[in-house]
Each structure stands twice: as structure tokens, then as C-alpha cells.
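Reader: I'd like a close look at just one part of this model, the place where the two chains meet. Could you walk me through what holds that contact together on paper, and then point out anything on the surface that catches your eye?

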Amino acid sequence: MNRQTFLGEFEMLVLLAAVRLGEGAYGVTIRREIEGRTGRGVGRGALYVTLDRLEQKGYLGSRLADPTPERGGRARRYYRVERAGLAALRESRAMISRMWQGLEPQLGKF
Amino acid sequence: MKTRPPRPAQRLLARSLPEASREAVLGDLEEEYYLAARSRLWYWRHALALAASFLWERLRLARPPRPRGRPADSLRQDVRFALRSLAKAPGLALVAALTLALGVGANTAIFSIVHAVLLRPLPYPEPGRLVLLHETHAAQGRGRAQPSPGNFLDYRAQVEVFDGVAAWYQTSRTLRDAGAAAQVTTAQVAGDFFRTLGVAPALGRAFTPDGEPGATFNMANIYSGGDRVAVMSHAFWRRGFGGDPGIVGRDVLLDGQSWRVLAVMPASFAFPDPGVDLWLPWDLARSYAGKGFADGPPRDFRFLNVIARLGPGVTRERAQERMAAVAAGLAERHPRDNQGWGVRLAPLADELVRDARPALLVLCGAVGCVLLISCANVAGLLLARAAGRRHEMAVRAALGASRPRLVRQLLTESVVLAVAGGAAGLLLASAGLGLLVSLAPADIPRLDEVRIDATVLSFTLGVAVWTGVVFGLAPALQGSRVNLTSGLKEGGGKGGAGGRARHRMRGLLVVSELAIALVLLVGAGLFARSFARILAVDPGFDPRNLLVMRVFLNTAAYGSGAKSHQYYQQLLARLGALPGVTAVAATTVLPMSDVGIDFYRPYWRGGEADPGGQAPKAGIRMVTPEYFQTMGIPVRAGRPFTASDRADAPAVVMVNEELARQVWPAESPVGRRLVIDYKGGKYPYEVVGVAGDTRYYGLKSRPQPEIFIPHAQNPYLALNVVVRGAADPLRLAKAVEREALALDPAQPLHSVVTMDQLMAEKAAPDRFAMTLLGLLAVIALLLAAVGIYGLASHLAGQRTHEIGVRLALGAAPHDVFRLLLGESLRLAALGLALGMVAAACLARLVAGLLYEVSAADPLTFAAVAVILGGVSLLAALLPARRAMRVDPISALRYE
């Protein structure tokens, strides 16, 4: 159960992308944001499964927008980062910084 | 507007998505599909990947199913349950999935070939309007003769039914670029060749604005005047010129003359075949102006390939009617050349695959059979499993599951199994497809288009689901028929009321499997016998240790006959002096080889009147004196040519036995005179010898009448050189090529191959059909053996208790053995008998593909029955032996 308090790396990337995109965060833009910034390919399946999971954990909220024709008349699901999500991000960052502390001289050698 | 994403993919994806995400995910994918202008294949790939991830996530979470009422949810529940229940019997699931993978994989591979070769439309606009035009002569039994230049020009004038008529003729020429010389394949094209096909060049223009340019060629297809312009194939442009965009307007050196490149065709354009490097616009009408053709272009040299595009709204029937009238008019105006000749129009798509179609259809039938056998096998496995699940079914029924609900549950299991098998089959097919295509003979058209695309994918998916339903239905109906009282009472049990029906059904499955396997084995056996017959045919010469090659002398340098003759004398002398060479000769056309100048001329016995258009024709071959000795063709009478048959000596010929039989059935032809209508006149030649018959066009072809003329008396520029080595002739190739370049660095040798390779190429279509059919038959045999083995072990297992009782009561082990074996063998015998009947009926369908083997060949049928009977016996023997050794005590305790 303790696991749930940790954010996985990919979960963190998805949350950060959603924060960056603000109002315009939905499946297609989130994927592009991550791919554009990290330079790594993002599997669609992994993304949607993660979005679902984050929503279930209460980190993300979502709403359906009006259907548009270029999507075959289907609605977009826009995501918004919830308070709990922001808290989890802050917690992750703090944890990571603590782990990095004092390691610069050693890691700098590489 | 772009096409919608493929609906089946959408539906599939929608099914696998959870309700909450469905709308958004489908929408996102569709948005990307439209915005980035993706292909349908792209959509398929990503829809499948998405569906897989969601299904996997679901499985991973494996949340306890909440009670839900809607069908979509219960389907998901069924799938999840099916996966769990299959995971409980991994052995069975693996065997079943592998069996299906074989069946689906074989079908996918063959379908991708059939799809590319037979089903996919040709890559030309409105391909249905393209027809090939042949001339026919009923009395001479010719159904697809090639039109002559004179007649072609008349056909071209039929503008009211045709929207373009074009002709082509393929030859090879020498291309020189930056010092190196290479052989290229050219097609001389007359008429609106590119416009008729409806394909524009990718670069440049096929024709200049000021009318149609074109070159004229003489009777030997050597350039004789007019515009030297060429259109280049995309492949040759990439290969030979590195895709240089500045190629248009540049000159290339062909046979020592410069030809201007007008255009480059798109990569997809490969007509008449992918081997063509250059198309040379050909001014056919002016090619025959003067030069002894007083009546215009000749009408009796039938050598053109003609294609036409039907006019808009013109049916083939109407065009055919019109052409019949045209042919009748030609026969009236030119009776000598056109008496009895007609015209036939055939759809291009049909004509291209005419030779490949029957064999491919047989293969389709064969893979269908393999699929049926794998279905029967898996159905058998599931039936056996259903026996063990009677208690489970009874419990479910008692808890309120209706029979349709149980059937659905069981069907879902088999479809899940089928889809898993289908996925494995797809992998198998994509791995095997390359191998299959490399095995295929080169003359199957459009093989380069074979690939696994969206159509093939949906075919595979369809086949997988269909097989899931077919092999799942019987076990599902059986398994869901529950008798609550006995079912629940039985505990984990076996036997019981449903057992008998189940055994009957399993028996039925095994019987049909054996019958189908027998049909396939008979088919494979017949093809193997036929192939052995073909290989055993005597070609009329000794093909071992022969190296053959082609020389195409440059017209400019070797224009006159004397020079050409001198070159070949020197070349043959040099080659003959090489160590390891035992004999060397040259000829215009070589048996088994498609390159060469092969033509037929009318002949009749000397002293008789000219029979006009009725004279039979013989193949004319120019050969050097040592030809017969080098090839190992026996001289049956008279003498072979000698060095003294020079240009200034009396004109002599040799004939083959076939011609001798026809002209002089009762006497020796040696010393007699034969008139040949050749070289613009009807001259008598003295027959000095008779050569044995050879099979020019492959081992299956009949020997044709042939006339040989000494090369010295009728020199040709292009010859096939044949070298006989003392051992492996390929080892001579380097030295032979070196000698040729030493003689003239500008005259390379082309197409250097061994005669064995040429013969293998000729036999390739038969070898392909035999290999594939054999492979499928072996798969069928294995699957059928697995089926019998499964049935026999199941029967033995079900009766362990009974066997224990029998043994305890004093039955001898071999009685038990006989009892169990007898049961399996009765079924096997029934299967074999039914298979024999079916094979006897179906074999007649392939009779046309067999060479000198009867479709009812008793040896094949007997051998197949023995093999299949033996395999059945073996498969039934093992479980029966195991049962015989059962320890009565433990068997009785096993309640």
C-alpha cells in the first residue's frame, strides 16, 4: 500500500505534462508534450492506461468537451491536475532531491 | 476528403476499451489519423496495440468481477474467464494454439500470395478496360498467336471500339556507360503504349510535343533509322544512374549509338514485366518501308505482343464482334497470310495470371484442408476437455446459467484460443513468406507485390474468428448439455450419459481428419510422381557440365556477316583452348533458354508446289559445326556440319527427326532437297544430316520440327555460346569471360549460367507446386496423427477403471490391447475409405496440372493408403500399449 504514495517515472511525466498544458491537456497533446520534451516515444496504450490509473488515484480529474467533426464526432477528454496530484508531484520532487543531495561530485565525474 | 478509419479496427478497439475511456481514446486516435494523414494500416496497427494494452491492463488488475447486466460487460467477463480457464490447462492451450497457428499461418501465407497475384487490381487506371489481343487459327490449333506488324496497324485503326492499341517486342541490347558494358533489356513499343496503359512518366515526357518520335528497326531488331529516344524504368534509373534527376535529356550508349532519354517511369510501372530497363518508341509503319515489303509491313511474321484499351462504355463482347469483322476483312484482302485467322480479346488481368492461376487455386484448396484438419484437431481436444468439465457446467447451470449462456461462455473460450493461434500463425506466416516467395518460380507475375497488408490482416483475423466458431461450436453444444442430477452427482467424474455422444463426435472428427489428410497426401503424391516423370524425360541432349552464355555483337563494329563470323570463329577457338574445356559451339537459340532469336518459317519438300499459307513451319537455328557434338545431340543419319560448309559452298541444312518423319516418312532425307521460305525467297537447301529431337521449351514440351543452317552460311550477330567442361562448368566461367574480353573489351558475355540452372528454372513451377503441396500434406499427416493419438489416449484414459476390472477378472493384457487398438483402427479404416472416395473425385480437378500421370494413379493411391494406415496404427499403438500395462490395483483405486 505504501507503493501508492510513490509516483512512477512515467506517471510523473504524464502529470508534469498535464500541468504544463493546463487547459489544453488531452490525450494527443499530452503525448506530444512528453515526446517533444523527452525525445522518447510514448506508447498510446501505456499513456491511456496511466491516465486512467492517475484518475482513479484521484491525481487527475477530467471532463468531456463537445464532440468535434475531425474526431469522427467524438468528444475530447480534457484532464486537470487535482490537488492530490500536485501534492504527489511535490512529494516526488522532494524525494528525488533528497536522494541527489551530496552526490554531485561523484555523479559529476561521469 | 480522406477515407474513414477502417471500421472493423474501430469496432475491435471500441470493444476492448473500458466504457469510460472509449469515446476519448477513439476520438484521439481518429484525430491523429486525419490530421497527420495516416494510412489505414497505421490505424490498424495502433488500434491493435491499444486494444492489447487495455486488455493486458485488465488482466493484470484482475479485479473481482462486479455483477453487471449489460452484454458488453458480460462479454468482457467471458473473455477474462476464458483466459483464466485456459491458463489452468496450459498444455492443452499450447497444443491447440500451435495447431491453429499452423493452420492459420499456412492460410495467411498462401492468401497473401493469392491476394497479390490474383485478386489485387492491376496498377493501371481502369484496368478492367485493358485487353490483350491475340490471333487465333482453329485449324492449326493456335489460340494465342502474336499479331503481325501489318495486321497490328489495321487493329490500331479501330478507334470506335479502342481507346488506344499498342504493341511491344522485347530484346536485349548492350549499354555502355563510362567504359563498362552491360546487357540491358529493352522493349520496342509501338502505338500509344504509355497512354494505352494510362501511366504518365515520373520525370520528363514520354513523347515530345511535336508528334510521336520513334526509331525504325530491321527484321533482326537492329536500329535502322528514325529518332533514337528511350524511356527509362525507375529501377534501372536508380540502379544504373543513382537516381540522377538530370537524366532526362541525357544520352545513353546502346549498341554503340547514343539514345536520348525522354523520361523515367514511376517505380510502380513494370509492363510487360519488371525486367524491362528501357522502352524504345518504335515507328512500326516506317520500319518496313521499302526493303522488299511491297505490300506494306509483313502480315505473316507473327511476333508482336498487342494490348488495347477498350473505349469508354465499350464492352469486350462488342469489341470482339468488331474485331471478328476486321479479321474476316483481312482474310479476304490478304488470303495468303490471313486465311483462317481470327482475333481474340482477353482481359489483361486474366492473361497475366493464366499460367499461375490453376496451381494457386489448388494450393488454396490444400491450405483450406489443412485449416479444417487443425479445426477438427482442436475440436477434439476441447471435447475431451469438456468431459472433465461436466461438473463445473452442472454447477453453473444449477446457479442459474441458461444453456445459451453456457454455449456463449464455451464459444468465447474457443475464439480466444483461435485469436491466440491466429496471432502466432501471423508470425509464422510473416516469417515463412519470404522463404515461400524465394521458392516460387520467377514467372509468377506480381510476386514482388506480395506482403502482409491490411487486407491480409483482416483475412487472418476473419479466419481466426471463423475457425474459433467452427471448432468451438460442437464442443460448446455438447458441453452445455447438462443433466443436473447426474452431472452434480458425478463429482469430478467421467463416463456417464453424455460420454457416448461425445465419443461419437470425436470419432467423427478423427474420421474426417484422416479423410482430408488422405486427399492432401494423394494430391501431393500425384504432383511428386508427375515431377519425377518430368525429370526423367530425355531432353535430347546431355545437359551436364554445360556452361552457356549470350553474346550480342555491336552492330556498328560488326555490321557485316563476314566480320561476325570471324569474331565467333576466334572466340570459339580461344574458349576451346582453355584447360578443362572439352567442346565449344554457338547457336542462335538454345534449348531451355528464353534468350535467343527463335522464329519459324514455312518449308516443303523440294520439287513440290508452294502450298501457300498451308505450309507447316519449322524453327530455324543457325549453328556452328561443333554444335551437335558439344550439346551431345546425336546425329541419326548423314553428317554434321563441317568447316567446309562455308559461305561460298552449296547451301546445306540439317533437320531434326521430327521434321524428317513429317516430310520423308519412309525414306532417308539425306541428300534430298528442302525448300524454305526464308530470307525473302523460297530457296531449296540440301539436307546433309538428321539430328536427334530436342525439347526446346522445357521438358514438358513436345519436340517441334527444326532446321539447322551453318552459321557460316547465314551469320548472326547475337549468338548463344555453349561450352562443355570436363567437370563443374561454373569453375570455367571466370576464364571464359576473361578470354572474351581479351578478344574485344567492348563485347562482354551476358547471362552466364549452367544448363542445369536453366533446366531447374524451367522445372521451377512444377517444383514449387510439388514442394508446397508436399509440405502441406506433411503438416496434414502430422496433425491427423496427433488427432488419432489424442483420441486413442483419451479413450484409454476414460476406460482405465474398466480395464482394471477386466484385468482383475483375468483378461490377458493383449486382449485389452486388441480391444483398444481395434476401436481406433476401425475409425482409421473408415477415414481412409472415405478419403479414398473423396480423393478419387477431387484428383480429377488437378489432372490438367499433371504430366503423364493419371489422376487415378493406382500406385499413388496405394502408397498413400499404406503411409496413412501405418501412421494411424503407430499413433493408436502407443496409448493402447500403455493401457495394457495398467496395474489393476491402482486402476481400481482410481475412482
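Author: Sure, let's start with the charges: counting between chain B and chain A gives six salt bridges. One to pull up on your screen joins the side chains of B:E32 and A:R44, with N to O at 3.0 Å. Keep in mind that this is a predicted model. Polar contacts turn up too, with 15 residue pairs found across the interface of chain B and chain A, both partners at pLDDT 80 or more.

So much for the pairs; now for the elements on the chain B side. Helix 2 (19-35) and helix 3 (40-61) of chain B are the elements that each give two or more residues to the side touching chain A. Helix 2 of chain B gives the most, with 13 residues. Sort the residues on that side by type and you get ten nonpolar, eight charged and five polar.

Zooming out to the whole contact, chain A puts in 19 residues and chain B 23. Together the two chains bury about 1,800 Å², and 50% of that is on carbon and sulfur atoms.

As for the surface, have a look at chain B. There's a nonpolar patch of about 520 Å² there, made by B:L12, B:L48, B:V419, B:L461, B:V465, B:V469, B:L473 and B:L477. Helix 16 of chain B, residues 454-480, gives the most to this patch, with five residues. If you want a spot to start from, B:V469 is a patch member and sits in helix 16 of chain B.

Key. Residues numbered from 1 in each chain as written. Chains lettered and ligands numbered in written order. Predicted model: local features only at pLDDT ≥ 70, side-chain atom pairs only at ≥ 80, totals over all residues. Heavy atoms only, no water. Contact = heavy atoms within 4.5 Å. Buried area = accessible area lost by both parts, 1.4 Å probe. Salt bridge = Lys/Arg side-chain N within 4 Å of Asp/Glu carboxyl O. Polar contact = N/O pair within 3.5 Å; in protein donor to acceptor, adjacent residues only side chain to side chain. Helix = DSSP H or I, 4+ residues; strand = E, 2+ residues; numbered from the N terminus. Nonpolar A, V, L, I, M, F, W, Y, C, P; charged D, E, K, R; others polar. Patch = residues over 30% accessible without salt bridge, like charges linked within 9 Å, V, L, I, M, F, W, Y side chains within 5 Å. Areas by Shrake-Rupley, 256 points an atom, 1.4 Å probe, with all protein chains shown as cover.
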